[in-house]
Amino acid sequence: MSAATTRSRTPDRLCAEAVDLARTAAEEVAYPGVVGEHLGMVSEGDRVVTHYFECKEPGYRGWRWASTVARASRAKVVTLDETVLLPGTDALLAPEWVPWSERLRPGDMGPGDLLPTDAEDLRLEPGFSGEDEPAPNSAISDDMAELVEAEDIEVTAGSPANLPMAPRRGSIAAVAEELGLRRARVLSRYGLHVAADRWEEAYGPKTAMAQAAPATCVSCGFLNRIGGSLGQAFGVCANEFSPADGHVVSLAYGCGGHSEAAVMPAPPRPAPPVIDETRVDPFPLRPAPDSGSVSASPDDSTSDLGHS
């Protein structure tokens, strides 16, 4: 260990005794009554000492006023270096800053808010890849074929006509049951209209959210189409940050979480006032001589005939 390192760890005597100078500097930065008791000192280097004082200001629990004093070589006068407010070991600190994209939670979006979607959002994919291959969830894709081969399929001997009872898998009844055709009752036209009116009222084009949206759901990538006759006017929202996430929405509905919302819409300009109360219109106290139909000056041609 060098001699310079040894000297730097030993507080300078004059700097260590300059507690009043350090307190005065801290009170000038804050104000009297906020600087508390002397908590100790730390040697920062050769003839450089930092004095710590308790901070009594509300809202800064555990913080300390730090006044650093120094002394030049062979000098007997201690001078002030700087005074700052530093947090202690048990100081009350603000939480770590989190980007807005990570702070956003479902339900935080309101009317008029926009949520631009990143170009590399994992929740979206191109509608057409340009390759002549089935979609990943297609029944004829390679993944689905491997899944079928991995299933435990019961193999029967002979054709179904020679079996005592038809196998459940592959029969017309099994297909009809899987498609939902074996239900005892289905929705009537009246039931469809009632459901459509209810969904239109909750998530339709007349809501405040849809009025302030940049585009409708029909062009949004988060819209999941539904089957049946209602699929021509409704779909299911799949955007977790949208207020309609998981709800049936009208194709004319919209919100700020549209997949193609990239720019903020221009704010509407107010219409000009019908009556401008900020402008002053001059009104003369006396009419101009030439403003009437009769001339104010006498006519010489009529004076000879005695007309007034």
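**A small sheet, a cavity and its cysteines**

User: Which residue is the bridge partner of Phe234 in β7?
Analyst: Happy to help, and please keep in mind that this is a predicted model. Strand β6 covers residues 234–237, and 3 bridges join β6 to β7, with the two strands running antiparallel. In β7, the partner of Phe234 is Ser250.

User: What is the order of the strands in the open sheet?
Analyst: The sheet has 3 strands with antiparallel pairing. Its edge strands are β5 (223–225) and β7 (248–250), each of which pairs on one side only. From one strand to the next, the twist averages 50 degrees. The order is β5-β6-β7.

User: How many charged residues are in the lining of the largest cavity?
Analyst: The structure holds 1 cavity of 30 Å³ or more, and the volume of the largest cavity is about 100 Å³. Its lining has 16 residues, and Cys217, Cys220, Cys237, Ser242 and Cys255 are the closest to the centre. By class, 10 lining residues are nonpolar and 6 are polar, while the number of charged ones is 0, that is, no charged residues.

User: How many disulfides does the structure hold?
Analyst: A disulfide needs two cysteine sulfur atoms within 2.5 Å. For Cys220, the nearest cysteine sulfur is that of Cys217, 6.1 Å away. For Cys237, the nearest is that of Cys255, 5.9 Å away. Neither Cys220 nor Cys237 is in a disulfide, and the count for the structure is 0.

User: Is Cys237 buried or exposed?
Analyst: The cut-off for buried is under 20% relative accessible area. Cys237 has a relative accessibility of 12%, so this cysteine counts as buried.

Technical notes: Residues numbered from 1 in each chain as written. Predicted model: local features only at pLDDT ≥ 70, side-chain atom pairs only at ≥ 80, totals over all residues. Heavy atoms only, no water. Pairing = 2+ DSSP bridges. Helix = DSSP H or I, 4+ residues; strand = E, 2+ residues; numbered from the N terminus. Axes fitted to C-alpha atoms, helices over the stretch in contact; angles between N-to-C directions. 1 Å grid on protein atoms, 1.4 Å probe; cavity = no way out; pocket = protein on both sides within 12 Å on 5 of 7 lines; lining within 4 Å. Points joined across faces, edges and corners; volume = space filled by probe spheres on them. Nonpolar A, V, L, I, M, F, W, Y, C, P; charged D, E, K, R; others polar. Buried < 20%, exposed > 50% of the residue type's maximum accessible area, 1.4 Å probe, protein only.
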